[in-house]
Amino acid sequence: MRILLAVCVGMGIATITGGNGRLATAADPEISATYSICAVDPATGICGAAVASKYPAVGRVCPYVRAGVGAFLPQHYHVPKGGEPALDLLAAGKRPEEVFVELLKDDDKAEQRQLAIVDMTGRTALHHPTAAPDASLYWGGQVGRFYAC
């Protein structure tokens, strides 16, 4: 869990710059960002997720975590009804990539979604919003064994 906590603390001190390279401030309401991580600690078998955003209650609707299964983060163009089915698919032994295929196969906004997932064996996947609107052109992520950001 030390890795998860270190990254969460790191997320809290991230800076955002506007398109002109200057530091974004509270006076820049058009600039917003959400940061998230889901991770598994292989030594303890604990999984967790964290999300930070300008939206105060984002933690109530974004992270989905199930003990012994893993964690799932639907971030951009979030659809709450996908959280529990994603964990159900992981629990059934599906690989993270297979979970995304299943969740997005009939989704007409699939290319506007940003998703991250990790299972208890450390398998991870990201899906980026390649058709995000102009106001959401920046997106990114990083994965490694046992974490997805």
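**Chat: strands, sheet and two helices**

Visitor: How do E3 and E4 pair, and over how many bridges?

Guide: E3 and strand E4 (residues 70-76) pair in the antiparallel sense, over three bridges. Pairing here requires that DSSP finds at least two bridges between two strands. Helices (H or I, at least four residues) and strands (E, at least two) are DSSP runs, numbered from the N terminus.

Visitor: Which residue is the bridge partner of Val 65 in E4?

Guide: Ala 71 is the partner of Val 65.

Visitor: What am I looking at, experiment or model?

Guide: This is a predicted model: local features need pLDDT of at least 70, side-chain atom pairs count only at pLDDT 80 or more, and totals for chains, interfaces and linings use all residues. Residues are numbered from 1 along each chain as its sequence is written, and side-chain values use heavy atoms, with hydrogens and water left out.

Visitor: Back to the sheet. What's the strand order?

Guide: E3-E4-E5-E6, in an open sheet of four strands with antiparallel pairing. Strand E3 (64-66) and strand E6 (124-127) are the edges. Each has a single partner strand, so one side of each lacks a neighbour in the sheet. From one strand to the next, the twist averages 5 degrees.

Visitor: Which strands does H3 lie across?

Guide: H3 lies across E3, E4 and strand E5 (114-119). It runs at about 35 degrees to E3. H4 also packs on the sheet, touching E4, E5 and E6. Its direction makes about 35 degrees with that of E6. Contact means heavy atoms within 4.5 Å.

Visitor: And how do H3 and H4 cross?

Guide: The axes of helix H3 (residues 83-91) and helix H4 (residues 96-104) come within 9 Å and cross at roughly 140 degrees. That makes H3 oblique to H4. Angles under 35 degrees count as roughly parallel, over 145 as roughly antiparallel, 65 to 115 as roughly perpendicular, the rest as oblique. Axes are lines fitted to C-alpha atoms, for helices over the stretch in contact; angles run from 0 to 180 degrees between N-to-C directions.

Visitor: Which residues meet there?

Guide: From H3, Pro 85, Ala 86, Leu 89 and Leu 90. From H4, Pro 96, Val 99, Glu 102 and Leu 103.

Visitor: New topic. How many helices and strands in the chain?

Guide: Four helices and eight strands. Along the sequence the pattern is α-β-β-α-β-β-α-α-β-β-β-β.

Visitor: What share is buried?

Guide: 36% of the 149 residues. Buried means under 20% relative accessible area, exposed over 50%, partly exposed in between (1.4 Å probe, protein chains only).
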